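Visitor: I'm new to this structure. Could you walk me through a few of its features?

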Amino acid sequence: MNVAKPKISKEVMQIDAFYSYVKDRLSDDISIIAIKSYAERIEGMDFSRMELRSSILENCKFCSCDFKGASFIDVIFQSCDFSNSKFADVYFERCQFVDCKCVGLDMHGTVIKQTTFEQSNFKYSNFDETKMTEVLFDNIDFTESSISEAKLKKFVAKNSRFIKNNFFKTMLATVDFTENEFTMPLVSTPPIELKGMVINMFQAADLIGLLGIIVNR
């Protein structure tokens, strides 16, 4: 699947004090367009309802920050740390997460369109009730993350780890997990979420127990 790449402005303005720059514009309800922020270190700050477009955040650390209700369109997140931050009810379109640390990230209720997640750590994250359309997970560690009651359309995953994930009421029909590690999912009884998904023979041997079948090895 070819996911649309972010449309970044040819001329972006370097921002040295991201929080101050954003705070001034949030108070006036102004969109933030065509900026680049590098090596910021911010913790516990409120960026809720911000709108960022055609921009780059690189090597930035936003730990335990609140981005609830924000909007990101045509944004590249390169080598950023968003651990334990809140992105609930956020809108993403044509974005890229590359080599990011997002442990414990809260993405509850988020809408994600034409976005790629690459070589990043999303352990223990919350993607419950997300709506994903044309989304790629490439080399993502999704261990013990929750993605229950989510809507997936044209979702592709490769070289990623799906271990002990909560997929309750998330239908995985047509999703191909053969190039991923997929084991011990939390699903309904019977496991209706798994109907129509694509797996390999080794994954099937592990998942067959969800049907109440005992394999004599």
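Visitor: Which residues of helix α1 are buried, and where on the helix do they lie?
Guide: This is a predicted model, and its helix α1 spans residues 18–27. Phe18, Tyr21 and Val22 are the buried residues there. Looking down the axis of α1, you would find its buried residues within an arc of 90°, so they line one face of the helix.

Visitor: What covers the buried residues of α1?
Guide: Several strands take part in the cover, including β1 (13–15), β2 (32–33) and β3 (35–38). Also included are β4 (41–43), β5 (51–58) and β6 (61–63).

Visitor: Which residue just after α1 takes a positive phi?
Guide: The place to look is just after the helix, where phi is about 55°. The residue with that positive angle is Asp29.

Visitor: Is Ser55 buried or exposed?
Guide: Ser55 sits in strand β5. It touches residues beyond four places away in sequence, among them Ile8, Ile32, Ala34, Asp74 and Ile76. Its relative accessibility is 0%, and buried means under 20%, so Ser55 counts as buried.

Visitor: Which backbone atoms does the side chain of Ser55 reach?
Guide: One is the backbone oxygen of Arg53, 2.7 Å from a polar atom of the Ser55 side chain. The other partner is at 3.0 Å: the backbone nitrogen of Ile35.

Visitor: How many disulfides does the structure have?
Guide: A disulfide needs two cysteine sulfur atoms within 2.5 Å. For Cys65, the closest cysteine sulfur is in Cys63 at 7.3 Å, which is too far for a bond. Cys95 is in no disulfide either, with the nearest cysteine sulfur, that of Cys100, 11 Å away. The count comes to zero.

Visitor: Are Cys65 and Cys95 buried or exposed?
Guide: Cys65 has a relative accessibility of 1%, so it counts as buried. Cys95 also has a value of 1%, and it too counts as buried.

Visitor: How many residues apart in sequence are the parts tied together by Glu58 and Lys36?
Guide: The structure holds seven salt bridges, and one of them joins the side chains of Glu58 and Lys36, at 3.3 Å from N to O. Glu58 belongs to strand β5 and Lys36 to strand β3, so the pair ties together parts whose separation in sequence is 22 residues.

Visitor: How accessible are Glu58 and Lys36?
Guide: Both residues fall in the partly exposed class. Glu58 has a relative accessibility of 24%, and for Lys36 the relative accessible area is 24%.

Visitor: Which residue forms a salt bridge with Arg53?
Guide: Arg53 is partly exposed, with a relative accessible area of 32%. Its partner is partly exposed too, at 24% relative accessibility. The closest N and O atoms of the pair are 2.5 Å apart, and the partner is Glu51.

Visitor: Where do Asp141 and Lys123 lie?
Guide: These two form a salt bridge, with the closest N and O atoms 3.9 Å apart. The pair ties together parts that are 18 residues apart in sequence, because Asp141 lies in strand β11 (residues 131–141) and Lys123 in the loop between β10 (111–121) and β11.

Visitor: Which residues are linked with Lys123 and Asp141 in a network of salt bridges?
Guide: Asp141 is buried, with a relative accessible area of 15%, whereas Lys123 is partly exposed at 25%. The network that links these two also takes in Arg161 and Glu181.

Definitions and conventions. Residues are numbered from 1 along each chain as its sequence is written. This is a predicted model: local features need pLDDT of at least 70, side-chain atom pairs count only at pLDDT 80 or more; totals for chains, interfaces and linings use all residues. Side-chain values use heavy atoms; hydrogens and water are left out. Buried means under 20% relative accessible area, exposed over 50%, partly exposed in between (1.4 Å probe, protein chains only). Helices (H or I, at least four residues) and strands (E, at least two) are DSSP runs, numbered from the N terminus. The arc is that of the directions from the helix axis to the C-beta atoms. Contact means heavy atoms within 4.5 Å. A polar contact is a pair of N or O atoms within 3.5 Å; within protein, one must be able to donate a hydrogen and the other to accept it, and residues adjacent in sequence count only if both atoms are side-chain atoms. A salt bridge is a side-chain nitrogen of Lys or Arg within 4 Å of a carboxyl oxygen of Asp or Glu.
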